[in-house]
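These are my notebook entries on a protein chain. I set down what I looked up, one topic at a time.

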Amino acid sequence: MVFIFPAKATMHVTLGGELLLIQSQLEGQHTISYEFSRCMANHLYTFSRVLVDTTMVNEATSDNIGPFLIDGAGWTGGNHLLAGGLPSAYTDSVRICVDGRRITNDFSGEAQCVTVCVDNTLLNPSDPSQKFCTESVTYTICGNSIQVSATHHYLNRQPLTVARYYGMQSMMIGETEILTPGGEYSRWTPVDSVDRFTRKSAPRFHQFIEKSNTCYAAAFLTGAGLGDHHLISDDDVVFIGNSWSKSYHKLIGNSTIKGGEVTHWEGVYTWFLSPLVSDPDYFSYIGYFNGKQAVFSHNKSNDHITILK
């Protein structure tokens, strides 16, 4: 039997200082818990841990959003420090809303949806006295999904080449197999055999799904903004797996960025115990999109997000 989440699944929310804890229902009597806190080398505010029941399935010991590699200068953002161990980025502000109402300080209560808005500043690694960009990330947490909407306003005084930007990454713990519908790994593949593939080889690639002994974890990149891969050349990679224990969507490759430009992307992380359908030509699972329960699916022609009424 496939479990369909209640359309109005209630989550328990606790805020103590800046530590945000959210618990929701999974299939059957299982639960999923999210922790938001300052983490990674730069102490940026993001989801730092995800647990299914009492088992940790995702931990931000490295990047989960970002970072940028500036050609000839180095990395900025995420888990990457500047030369000499100085921070390359910092969190400017955090705003947390429960069902549209902002909460501060200590809070404990129930919610249908939680929104976390984080503003970060990323420094220019070629001249850390200058800012590279402001990074505005909105996390929408509903049920078994975290939807991410990330916008970058670039402030660099001179044009810079972004060699690589890994926008959406997964820090899943203990993954055993990976599936990339629309990509090279169209069948469940042992993680040790997974590498990478190019945009040209997989023009319809939008999501990867990881499997562990505890659960599945999906990273669905929508086609909005950078999600159409227009800043990736045909011969450049769009997916990297089994690298530094992570899997990545790549969103920028060897592209010139000028001050005043703006980029945007959005994606949905979803954790589940059982897919709706899993066969060689069709894969689907239940999650949340724009605050509503949805079916995320892939077939031979396309990827879809279908809102459930």
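**Entry 1: Thr-222.** I began with a polar contact of 3.0 Å, which joins the side chains of Thr-222 and Glu-266. I note that the model is predicted. I then looked up a second partner: the side chain of Thr-222 also reaches the backbone nitrogen of Ala-224, at 3.3 Å. Where in the chain is the place of Thr-222? I found Thr-222 in the loop between strand 20 (216-221) and strand 21 (237-243). Is Thr-222 buried or exposed? Its relative accessibility is 7%, and buried means under 20%, so Thr-222 counts as buried. Leaving aside neighbours within four places in sequence, I listed the contacts of Thr-222 as His-206, Gly-227, Glu-266, Gly-267, Phe-289 and Ile-305.

**Entry 2: Thr-76.** Next I turned to another threonine, Thr-76, which lies in strand 7 (residues 74-76). Its relative accessible area is 0%, and Thr-76 is therefore buried. Which backbone atoms does the side chain of Thr-76 meet? It reaches the backbone oxygen of Ser-88 at 3.2 Å. The backbone oxygen of Leu-123 lies 2.8 Å from a polar atom of the same side chain, that of Thr-76. Not counting residues up to four places away in sequence, Thr-76 touches Pro-67, Phe-68, Ser-88, Leu-122, Leu-123, Pro-125 and Phe-132.

**Entry 3: the sheet that holds strand 7.** I followed strand 7 into its sheet, an open one of 4 strands in the order 7-6-14-23, with antiparallel pairing. Strand 7 and strand 23 (252-257) stand at the edges; each has a single partner strand, so one side of each is left without a neighbour in the sheet. On average, neighbouring strands of this sheet are turned by 30° against each other, direction ignored. I also looked up the pair formed by strand 6 (residues 68-70) and strand 14 (residues 160-165), which is antiparallel and has 3 bridges. Here Phe-68 stands opposite Tyr-165 in strand 14. Phe-68 is also one of the residues that Thr-76 touches.

**Entry 4: a second open sheet.** I recorded another open sheet of 4 strands, in the order 25-26-27-28 and with antiparallel pairing. Which strands stand at its edges? They are strand 25 (277-279) and strand 28 (303-307); each has a single partner strand, so one side of each lacks a neighbour in the sheet. The twist averages 25° from one strand to the next. Strand 27 (residues 292-298) pairs with strand 28 in the antiparallel sense over 5 bridges, and Ser-297 stands opposite His-304 in strand 28.

**Entry 5: a hairpin.** I then examined strand 4 (residues 44-52) and strand 5 (residues 55-59), which run antiparallel and are joined by 4 bridges. The bridge partner of Arg-49 in strand 5 is Glu-59. The hairpin has 2 residues between the strands, and Asp-53 takes a positive phi near 55°.

**Entry 6: the nonpolar cores.** Last, I looked up the largest nonpolar core, which has 68 residues. Which residues have the most contacts inside it? They are Val-114, Val-116, Tyr-139 and Trp-271. I checked Tyr-139 further: beyond four places in sequence, the residues it touches include Phe-36, Tyr-45, Phe-47, Ile-65, Val-114, Val-116, Ile-146 and Val-148. Apart from this core lies another, of 12 residues, among them Phe-283, Tyr-285, Phe-289 and Phe-296. Phe-289 had already appeared in my first entry, in contact with Thr-222.

Technical notes: Residues are numbered from 1 along each chain as its sequence is written. This is a predicted model: local features need pLDDT of at least 70, side-chain atom pairs count only at pLDDT 80 or more; totals for chains, interfaces and linings use all residues. Side-chain values use heavy atoms; hydrogens and water are left out. A nonpolar core is a set of buried Ala, Val, Leu, Ile, Met, Phe, Trp, Tyr and Cys residues joined through side-chain atoms within 4.5 Å. Buried means under 20% relative accessible area, exposed over 50%, partly exposed in between (1.4 Å probe, protein chains only). Contact means heavy atoms within 4.5 Å. A polar contact is a pair of N or O atoms within 3.5 Å; within protein, one must be able to donate a hydrogen and the other to accept it, and residues adjacent in sequence count only if both atoms are side-chain atoms. Two strands pair if DSSP finds at least two bridges between them. Axes are lines fitted to C-alpha atoms, for helices over the stretch in contact, and angles run from 0 to 180 degrees between N-to-C directions.
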